[in-house]
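Colleague: I should like to take a close look at a single helix and its surroundings. Please describe that part with care, and then place it within the rest of the chain.

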Amino acid sequence: MSTSPPVALTIATSDPSGGAGIQADLKTFSALGAYGTAVLVALTAQNTRGVTGIHVIPSSFITEQIDTLFADVHVDAVKIGMLAESAVIHTVAEALRRHRPGTVVLDPVMVATSGDRLLEKDAVRDLREQLVPMADLLTPNLPEAAALLDEETARTRAEVERQAVGLCALGARRVLLKGGHAEDQDESADLYVDSDTMTWLRVPRVLTTNSHGTGCTLSSAVAALRPQRPDWESAVRDAKAYVTDALAAADTLAVGSGNGPVHH
Ligand code: PLP
């Protein structure tokens, strides 16, 4: 008997250390019952201590990967991750305008926990103009939200709420503004906002330095779960629970000597 799980596509970059990027996305899709497909836009040379190089795939070949996949496979949800530079943003936006996938989760990846830049600074504008308006859900952390709005990083809950609304005004249908970079040591509070709801999602903070791949895992978990849940908010809640469990288990994994991966 054949089965037909939802098909999730990640358009993102390789992390050879396996904790983040395409590798984290495919593990997450599998763990959450989606069939995973992947279009690579760039490769990193990377371990748990940092990124030593980025190699971008030529635009024409990114387009060919997307077109060839969509010509044959019905994609239920797309997650967009690290895009590296403006040319890639334009290429992905152009392809998605033609293929119009039903569900797009955009993780506006800019800087790694290690401090390495994963998106050229002058590409933030292209992300804001080309891809944010296509996002059914935008999942920035606090510094990414501030960069997209060209403002200072939010420090209070009121500022987070104002910035999340500001990101919706840029064209994102919904925003999950992740509070993992906030100074609160007791809880991790993310804000979910759509056209008629504003909900704080709070969980006790998991204290670990092994958090590599947290953001990639969250956005791909929402993409995997949305086709399997009745609404966005329940997909977001269950995705956050999955990431919290992966963080809680992270210290049972010993991979590398730096910021180790979360445990799927
Ligand atoms: N490498 C790749 C390919 C990524 O996509 C990302 C995040 O999106 C990272 C590295 C950084 O991961 P982290 O900041 O969780 O260490």
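Modeller: The model shown here is predicted. The part to examine is helix α8, which runs over residues 232-248 and has 17 residues. From its first C-alpha to its last, α8 reaches 24 Å, close to the 24 Å expected at 1.5 Å a residue.

Which residues of α8 are buried? They are Trp 232, Ala 235, Val 236, Ala 239, Lys 240, Tyr 242, Val 243, Ala 246 and Leu 247. Because these residues cover an arc of only 160 degrees around the axis, they lie on the same side of α8. The partners against which they pack are the strands β6 (137-138), β7 (175-177), β8 (187-193) and β9 (198-204), together with helix α7 (214-225).

Two of these partners lead onward through the structure, and strand β9 may be taken before α7. Met 198 is found in β9. Is Met 198 buried or exposed? It counts as exposed, because it has 12 C-beta neighbours inside 10 Å, and a residue is called exposed at 12 or fewer. Leaving out residues up to four places away in sequence, Met 198 touches Glu 161, Leu 191 and Val 193. Leu 191 and Val 193 fall within the range of β8 (187-193), whereas Glu 161 falls within that of α6 (157-169). Between the C-alpha atoms of Met 198 and Asp 238 the separation is 17 Å, and the two residues are 40 apart along the chain.

Pro 204 lies in β9 as well. With 10 C-beta neighbours inside 10 Å, Pro 204 also counts as exposed. When its neighbours within four places in sequence are set aside, Pro 204 is in contact with Asp 186 and Glu 187. Pro 204 and Asp 186 are 18 residues apart in sequence, yet their C-alpha atoms are 6.0 Å apart in space.

Helix α7 leads to the ligand. How many residues surround the ligand? There are 19, and the closest are Ala 20, Gly 21, Met 82, Ala 112 and Thr 113. The elements that give two or more residues to this shell are β1 (7-14), β2 (35-47) and α7. Of these, α7 supplies the largest share, three residues. Sorted by class, the shell has seven nonpolar, 11 polar and one charged residues.

Gly 21, one of the closest residues to the ligand, is also touched by Gly 81. Gly 81 has its place in the loop between β4 and α3. Gly 81 counts as buried, because it has 26 C-beta neighbours inside 10 Å. Not counting residues up to four places away in sequence, its contacts include Thr 10, Ala 12 and Thr 13, as well as Asp 25, Val 109, Cys 216 and Ser 219. Asp 107 is another contact of Gly 81; these two residues are 26 apart along the chain, and their C-alpha atoms are separated by 5.2 Å.

The loop between β4 (77-80) and α3 (86-99) also holds Ala 84. Most residues other than glycine have a negative phi. Ala 84, although it is not a glycine, has a positive phi of about 70 degrees. Ala 84 is buried, with 23 other C-beta atoms within 10 Å. A second such residue is Arg 100, whose phi is positive at about 45 degrees although it is not a glycine. Arg 100 is found in the loop between α3 and β5 (104-106). In contrast to Ala 84, which is buried, Arg 100 is exposed, with 9 other C-beta atoms within 10 Å.

Strand β7, a partner of α8, also helps to cover another helix, α5. In α5 (residues 142-149), the buried residues are Glu 144, Ala 145, Ala 147 and Leu 148. Seen down the axis, they fall within an arc of 165 degrees, so they line one face of α5. What covers them includes α4 (124-131) and α6 as well as β7. Asp 150 follows α5 and has a positive phi, near 60 degrees. In α4, the buried residues are Asp 126, Leu 127, Arg 128, Gln 130 and Leu 131, and their cover includes β4, α3, β5 and α5.

As for the wider setting, an unreviewed UniProt entry lists residues 15-263 as "domain: Pyridoxamine kinase/Phosphomethylpyrimidine kinase". Over these residues the chain is 38% helix and 18% strand, and the end C-alpha atoms are 15 Å apart.

Methods: Residues numbered from 1 in each chain as written. Predicted model: local features only at pLDDT ≥ 70, side-chain atom pairs only at ≥ 80, totals over all residues. Helix = DSSP H or I, 4+ residues; strand = E, 2+ residues; numbered from the N terminus. Expected span 1.5 Å × (residues − 1). Buried ≥ 20, exposed ≤ 12 C-beta atoms within 10 Å, placed from the backbone. Arc of directions from axis to C-beta. Contact = placed C-beta atoms within 7 Å. UniProt positions renumbered as here; feature names shortened; annotations may be inferred. Near = placed C-beta within 6 Å. Nonpolar A, V, L, I, M, F, W, Y, C, P; charged D, E, K, R; others polar.
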